[in-house]
Structures are given as C-alpha cells and as structure tokens.
Amino acid sequence: MKKVINNPENVVNEMVEGFIATFGNVYKKVSNSNGVVVKDKPNRVAIITGGGSGHEPLFIGMVGEGLADGAAIGNVFSAPPPDTIVEVTKELDSGHGVLYVYGNYSGDVLNFDMAAELLDFENIKTKTVLVNDDVASATKENAKDRRGIAGDIFAIKIAGAAANDDLPLEQVAAITQKAVDNIRSIGVALSPSSIPSTGKYTFELAEDEIEFGMGIHGEPGIQKTKLLSADELTQIMVDYILKDIELKKDDEVCILVNGLGSTTLMELFIVSRKLTTILEEKGISIYDADVNSYCTTLEMAGVSITVMKLDEELKKYYDKPAYSPYYFKKGR
C-alpha cells in the first residue's frame with residue numbers, strides 16, 4: 001500500500017503536529033503527549049474522548065465547541081497510554097469533574113480506568129460512558145460487551161451539549177448514557193485497510209466478497225457474502241438494527257451514514273437514499289440525517305449506518321450548536 005508518510009514510526013506524532021500547525025489558533029498539544037485540547041479551558045464539566053489513531057477525523061476531529069474538550073490519542077489502532085489520558089485530564093479539569101466518552105475496547109477501558117485511578121489520588125473526579133453501539137459484535141443480552149463504532153459521534157455531540165448547560169458531572173454522564181442506550185450501528189467492509197508500520201493488509205476479502213459486521217480494526221463480522229447492490233446491503237443492515245432497537249411509528253431518530261475511509265460520498269448518498277426510504281415506509285420520522293466519513297479505518301472501503309432514537313431531552317441537546325474543523329451543527 002502506498003501512503004504519504006515519512007518514517008512509519010512517527011505518523012501519529014506528525015499527524016498531531018500537523019493538526020496543531022493547521023488549527024493552532026483554537027487547539028494546543030498537551031506537553032509530552034499526543035493529547036489535543038481546546039485552548040480556552042472550560043469552567044464546567046470537561047468532556048474527553050480518545051482512542052487509537054487510524055480512525056480520523058475521530059477522535060481528534062471531535063474536539064471543539066459543543067463537542068469534546070480534548071482527546072487522548074494512541075498509536076494506530078492502539079489505546080492511548082494512561083499517562084496521556086492523565087495529562088489531558090489535568091489540562092482540562094476546572095474542579096467540576098471530567099467525563100470520559102469513548103468506544104468499548106478492552107485496551108481503552110484498561111488505560112482510561114488506570115488513569116482515573118491515578119487522578120483519584122489527586123482529587124480529580126472522573127466518570128466514564130462507554131459507547132457500545134455495534135449490534136454485530138455481541139447479542140442484545142450481552143450488549144455491554146459490544147464495540148463502539150460511529151455511535152461515538154452522536155454520544156460526543158450529546159455529552160458536549162449537556163456539559164455546556166453547566167450541569168453537574170453525574171447529570172452529564174446520565175444524559176450521555178441515555179444517548180448511548182438509544183444508539184445502534186452496523187458496518188460492512190468491502191476491502192481491507194493497512195497499517196502504516198507494516199504496509200500490509202489487516203485482513204483479506206476476495207474481490208467479489210464483503211463482510212457484514214466487521215469491526216473498525218478488522219475484527220471479524222457476522223457473515224461474508226458476495227457483493228450486493230447498495231439497496232440490498234442497506235436493507236440487510238437496517239434489518240439488523242431494527243431487530244435490536246424498539247422503534248415504532250412516529251418515533252423520531254437521527255441517522256448517520258458513515259464512510260469507513262475510501263468510500264465515496266456518491267456511494268454514501270446512495271445508501272442514505274435507501275435508508276431514508278425504509279424508515280419512512282415504516283412511519284419512523286427522521287429528525288436529522290448526516291452523511292460523511294467520521295469514524296474510519298484508514299483506507300478501508302465500506303459503510304456503517306447509525307441510528308439514534310430520540311426523546312425530548314436528547315433532542316434538546318442534539319439541537320445545540322457544535323463546531324470543529326470536521327463536524328458542524330448549526331443548531332435549532
């Protein structure tokens with residue numbers, strides 16, 4: 001695989017340096033770590049996200065106004081180290097506590113929990129909301145074991161808006177948890193990604209083969225099939241989601257059609273077209289829709305669909321404005 005890089009061992013450091021070189025009027029790098037925070041420290045509950053590199057613009061691109069206040073960045077597909085999380089947290093804590101919002105992966109959980117324990121000794125209060133929206137990664141009965149994928153986008157959006165309302169840490173966490181409980185996603189991979197340090201594919205798919213439910217690090221999915229049409233793919237993906245979340249006529253949802261890295265907007269809009277039709281035929285109201293590549297896997301080809309069921313409280317916080325260089329909501 002051809003990549004525009006220098007030394008493969010320096011890709012994450014240089015990516016963070018490049019982000020700051022580009023957007024340094026708003027963001028700064030945390031000393032001695034691959035942590036990025038907003039320059040204007042918030043005097044409220046701080047929201048911190050994070051995870052491995054290779055999913056850009058997640059996580060670094062979800063730091064901004066009405067979103068996360070900082071991100072702890074790990075190596076490619078690797079959890080951020082505890083010391084990075086600690087330093088980002090110290091940089092942002094104003095005495096109101098800090099909420100961690102990130103995907104449910106064992107390495108991330110281990111390192112964020114370790115950081116939280118270290119910070120507890122310094123009287124910095126933290127809470128965690130794990131995003132576990134991937135319906136393909138565990139049964140409904142074992143939903144706590146599910147991976148977090150593009151549902152991170154909605155969860156961070158809600159968390160940032162709740163924090164901006166100057167709510168206490170416990171309440172911000174509860175609202176964010178409610179959002180996560182109402183988010184479902186599933187993805188399909190058409191071709192693999194490759195890691196910069198090796199230049200090799202992370203998994204194999206035949207030229208005419210796709211895999212439903214594949215994770216954003218190349219984790220196995222739930223079934224392989226021959227390549228299907230966009231409408232057929234979308235119908236199967238929506239069926240998986242609707243079997244898992246209770247949606248009835250007149251319920252309101254937000255939807256996200258997310259590209260996994262090399263999928264074109266043309267293809268994503270074709271999927272969005274079919275997704276919209278399916279939900280409208282069921283009488284489910286689409287409150288808002290988004291089509292973009294937010295949660296990627298380097299150059300993997302594929303698409304994920306995310307649905308968030310709304311109530312009046314979640315709608316209130318979803319409607320708040322939000323801005324980063326890679327995410328924008330005007331607000332209502």
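These legends describe close-up views of aromatic pairs, charges over rings and helix packing in a predicted model.

**View 1. Tyr-102 and Phe-112 form a stacked pair.**
The structure holds seven aromatic pairs. In this one, the ring centres of Tyr-102 and Phe-112 are 4.1 Å apart. Their planes meet at 15°, under the 30 degrees that counts as stacked, so the pair is stacked. Tyr-102 belongs to strand S5 (residues 98-103). Phe-112 belongs to helix H3 (residues 106-120). The pair therefore ties together parts that are ten residues apart in sequence. Tyr-102 and Phe-112 are both buried.

**View 2. Tyr-294 and Tyr-327 form a tilted pair.**
Here the ring centres of Tyr-294 and Tyr-327 lie 5.5 Å apart. The planes are at 55°, so this pair is tilted. Tyr-294 sits in the loop between strand S11 (285-292) and strand S12 (301-309). Tyr-327 is in strand S14 (residues 327-329). The pair links distant parts of the chain, 33 residues apart. Tyr-294 is buried, and Tyr-327 is buried too.

**View 3. Four aromatic residues join in a cluster.**
The members are Phe-19, Phe-23, Tyr-27 and Tyr-326. Ring pairs link them.

**View 4. Charged ends of Lys-243 and Arg-332 sit over tyrosine rings.**
Lys-243 places its charged end over the ring of Tyr-240, 5.8 Å from the ring centre. Arg-332 has its charged end over the ring of Tyr-287. The distance from the centre of the Tyr-287 ring is 4.0 Å.

**View 5. Helices H2 and H3 pack at an oblique angle.**
Helix H2 (residues 82-92) packs against H3 at an angle of about 50°. Their axes are 8 Å apart. H2 and H3 are therefore oblique to each other. Their crossing is right-handed. From H2, the contact uses Pro-82, Ile-85, Val-86, Thr-89 and Lys-90. From H3, the partners are Asn-111, Phe-112, Met-114, Ala-115, Leu-118 and Leu-119. Phe-112 is also the H3 residue of the stacked pair with Tyr-102.

**View 6. Helices H6 and H7 cross obliquely.**
Helix H6 (residues 230-242) and helix H7 (residues 265-281) pack with their axes 9 Å apart. The angle is about 50°. That makes H6 oblique to H7. The crossing of H6 and H7 is right-handed. On the H6 side, Ala-230, Asp-231, Thr-234, Gln-235 and Val-238 make the contact. On the H7 side, the contact residues are Ile-270, Val-271, Arg-273, Lys-274, Leu-275 and Ile-278.

Terms used
Residues are numbered from 1 along each chain as its sequence is written. This is a predicted model: local features need pLDDT of at least 70, side-chain atom pairs count only at pLDDT 80 or more; totals for chains, interfaces and linings use all residues. Side-chain values use heavy atoms; hydrogens and water are left out. Rings of Phe, Tyr and Trp (its six-membered ring) pair if their centres lie within 6.5 Å; planes under 30 degrees apart count as stacked, over 60 as edge-to-face and the rest as tilted. Helices (H or I, at least four residues) and strands (E, at least two) are DSSP runs, numbered from the N terminus. Buried means under 20% relative accessible area, exposed over 50%, partly exposed in between (1.4 Å probe, protein chains only). A charge sits over a ring if NZ of Lys or CZ of Arg is within 6 Å of the ring centre and within 35 degrees of the ring normal. Axes are lines fitted to C-alpha atoms, for helices over the stretch in contact, and angles run from 0 to 180 degrees between N-to-C directions. Angles under 35 degrees count as roughly parallel, over 145 as roughly antiparallel, 65 to 115 as roughly perpendicular and the rest as oblique. A crossing is left-handed if the near helix is turned anticlockwise from the far one by less than a right angle, and right-handed if clockwise. Contact means heavy atoms within 4.5 Å.
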